[in-house]
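Please open the model in your viewer and keep the sequence panel beside it. The tour below goes from one selection to the next and says what is found at each stop.

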Amino acid sequence: MHKLLTDSPGEKMLLLGNEAIARGALEAGVAFATCYPGTPSSEIPENFFKISQESDLYFEYSTNEKVALEVGAGSAIAGLRTMVTMKHVGLNVAADPLMTLAYTGIKGGMVIINADDPFLFSSQNEQDNRYYARLSSLPMLEPTNVQEMKDMTIAAFDLSEELGLPVIIRTTTRLNHIRGDVLLGELKPVKTKDTFEKKPFHWVCVPAVSRNLHKLLLERYDKSAEKSDNLSYNQIIGEGKWGLVTNGVSFNYVRDAVSDLGISDKVSILKLGFSWPMPKDLCVKFLKQVEKVLVVEELEPVNETDLKAIAQEEGIDISIRGKGIAGLSRLFEYDPGMVRKAVAQYFEMDYKAPETVDTSDTPELPGRPPNLCAGCPHRATYYCVKQVYGPDAIYPTDIGCYTLGLLPPISMADFVICMGSSVSSGCGFSKATDQKVVSFIGDSTFFHSGITGLVNAVHNNHKFTLVILDNGTTAMTGHQPHPGVDTDPMGVDLTRISIENLVRGLGVKDIHIVKPFKLKKTIEAVKASMEYDGLSVIISQEMCPLFAKATGQFKKSKPFHVNHNKCKNHRDCINLLACPAMYLDGEQVEIDKNLCIGCSVCAQVCPENAILPLKE
Amino acid sequence: METKRLVFIGVGGQGNLLASRLVGEAAMSMGIPAVVSEIHGMAQRGGIVESAVLLGDVTSPIVSTAEADVLIGFEPLETLRAMGKCNKDTVVITNTHPLPPFTVSVGQGTYPQVDESLDLIKKKAKKLIALDGIAIAEEVGNPLALNMVMLGALIGSGTIPIGAEDMKKVLSTSTKKAFLESNLKAFDLGMEKAQ
């Protein structure tokens, strides 16, 4: 049995933040869950995927976040308790349905998990999605620890049904990926079916209907504001004159700073757990009991600005500051030392930060950036394309492991902003320049948002080459399936969509299917694409070796070694491929037989045929 | 209890996330409040993987610069790189077996001599416990047992209020049966080295 289905209320379990959210959903009787995976949210659906195979839960990996939210809307409007999970930039993709789903509202509780990523641990930006709560007028909850991640998820379902609105839970990477004790509660029975009630003058958002729905949303918003003032997730801790306002993971830094500095009798902390709508009455009470305020919030000065507005309305003339105090910036993550220092400085305390050891005598250390794995098929595809198109072609890329093609010696990533942008920006680059353009997109990303770009490229007669890197899985986020995957080895029977048929169906004329470990044939196909006067698509098919290993599909090959009698030290292997299985032993290239998976790409690249399978 | 801030640093695939989680499990089994912090995602493609365990009356899931009580490094270069987490009272435990990054293979830097790195660390830390964790793992016939060696060294260092028996109990329930014996052996040898 899956550990999150353990039916033992009162027991404690060490859970990852994302597991706590999944458990909270189960305790709330979630019947329906959808997602598009994205770090740092991915472990929530990963658990749902397994749980759905042994319980009544319906779960799907949807094609993208917009689809996930709309599928979820169908379920929640029919009356089922529904969860939709995504990373912060995923909510941009889902913003269109979000804004008007706020108008219609829902019937069964709907909780949207939105995982922000301050410091951009694995994202293209660090936007602050608290603005989405303000933009949509939807309630937002922000847990501060693992227990709250579970408890708030349950509260969010109840709140959602009471208000008739989807509720957004906003987490940040630190919270998604901490582990802590969680007190388990009861697993609620699940309602797996309901009946849709027709109400076209409510559910069909034509202008005349939406004018009324906007009014309804504002009424519901007022009701959520009352709730926000009265729910215990918003609270004032302490009665001191020094005011500290905080939310999310920063609450811990503030709490620890107050305890480290020994100032608990001097401070009042306003903890915003139900952070939108702002609990206005509570904020006023807080502002009246303190002399000055420091707002500690990662990313944008959202609470700071709102508190200043409340103070202005109430005629409260005290100093409210946040951004710009000590190290408190709009950039990146906060940490306990930074917050302790800011609190001490703002309230004019004597404080000496702990001193770090002197590292001035440390030599310059070589970097250790992440890298494509040993035997990664993307490396082979990149190699072949570069052999033909050279270093001067424009290489728009996309979001996935293959973005690591940015790094030398591959150096074949010239532009990426968001999922799907490789295809559409390729259209723009190829029209606006005389340079050759080769766009790279992964299979899952292609289904997510590359298809519309390709339709555009075909329809508008764009001329460039699109390489679809089909490794049979969504590798970067932990090997989730996607519509082009054979899901049988994962224990589920889903319909597989052929990328080739899809591309053909869209009207692409010049299509090449290649096996990237066969370098010669692949290079021939790439050449043909360059010679073709029009839009070419190369589908590069080779399973991600990590995924193949994890699902028992890996075909073991002998590792390779360098024959030193033949090797003339051209070092093409290292200089062109830089596979992590290779290393220098003095001046000599060696291959780590434990890392090498026997893909043979380096053996094909070696001009002396000095790289050979190892004879045991 | 006194607060203890532990930083685990390693390279993707070395198993430091499992090690930090197991410390968290052991603390919980003893009723010690614990927060374990990990970063998943991009960092796991051969990059640096950092995790942290905070024990006692503290809820922040990050160890700031200069605030580690114990630094457990799974790779000597990465231990040296992470020294900014340390102050003069920090105990450093490191594996000495190098795993050069590919930037070194392509000539974008030189891997520092392990002995020199250890000397630098020794000069800065309160105490340095250095051991060849890979050699021990190979000795017990389980090349993946580096994290067990390092856990053993951590417990052997006596820096945290978790005893060998409590830790082993967690190991016994959390690792696969086929590896249990070699894991426990690796743990014991790591512990011996650190004592």
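Are α3(A) and α5(A) roughly parallel or roughly perpendicular to each other? Before answering, bear in mind that this is a predicted model. Select residues 65-78 of chain A for helix α3 and residues 95-104 of chain A for helix α5, whose axes come within 10 Å and cross at roughly 15°. Because angles under 35 degrees count as roughly parallel, α3(A) and α5(A) are roughly parallel to each other. Looking at the pair once more, you can follow how α3(A) passes α5(A) in a left-handed crossing.

Turn next to the salt bridges, of which the count comes to 43 over all chains. Begin with A:Arg23 and A:Glu27, which form a salt bridge with their closest N and O atoms 2.7 Å apart. The two residues are four apart in helix α1 (residues 17-27) of chain A, and A:Arg23 and A:Glu27 are therefore separated by about one helical turn. Both A:Arg23 and A:Glu27 are buried.

Now select A:Asp116 and A:Arg170, a salt bridge in which the closest N and O atoms are 2.8 Å apart. This pair links distant parts of the chain, since A:Asp116 is in strand β5 of chain A and A:Arg170 is in strand β7 (residues 167-172) of chain A, 54 residues apart. Widening the selection to A:Asp128, A:Arg130, A:Glu142 and A:Glu297 shows the network of salt bridges in which these residues are linked with A:Asp116 and A:Arg170.

To see a salt bridge that crosses between chains, go to B:Glu67, in the loop between β3 (48-55) and β4 (68-73) of chain B, and A:Arg340, in helix α14 (residues 336-346) of chain A. Their closest N and O atoms are 2.7 Å apart, and both B:Glu67 and A:Arg340 are buried.

For a stop at the surface, select A:Phe119, A:Leu331 and A:Phe332, which make a nonpolar surface patch of about 290 Å². Of these, A:Phe119 is placed in the loop between β5 (110-116) and α6 (130-136) of chain A, and A:Phe119 is partly exposed, with a relative accessible area of 41%.

The tour ends with the backbone. The peptide bond from A:Thr39 to A:Pro40 is cis, with omega near 10°, and the bond from A:Pro408 to A:Pro409 is cis, with omega near 5°. A:Pro409 lies in the loop between α15 (377-389) and α16 (421-432) of chain A. A:Ser411 is found in the loop between α15 and α16 of chain A, and its phi is near 45°, a positive value in a residue other than glycine.

How values were computed
Residues numbered from 1 in each chain as written. Chains lettered and ligands numbered in written order. Predicted model: local features only at pLDDT ≥ 70, side-chain atom pairs only at ≥ 80, totals over all residues. Heavy atoms only, no water. Patch = residues over 30% accessible without salt bridge, like charges linked within 9 Å, V, L, I, M, F, W, Y side chains within 5 Å. Areas by Shrake-Rupley, 256 points an atom, 1.4 Å probe, with all protein chains shown as cover. Salt bridge = Lys/Arg side-chain N within 4 Å of Asp/Glu carboxyl O. Buried < 20%, exposed > 50% of the residue type's maximum accessible area, 1.4 Å probe, protein only. Axes fitted to C-alpha atoms, helices over the stretch in contact; angles between N-to-C directions. Parallel < 35°, antiparallel > 145°, perpendicular 65-115°, else oblique. Left-handed = near helix turned anticlockwise from the far one by under 90°.
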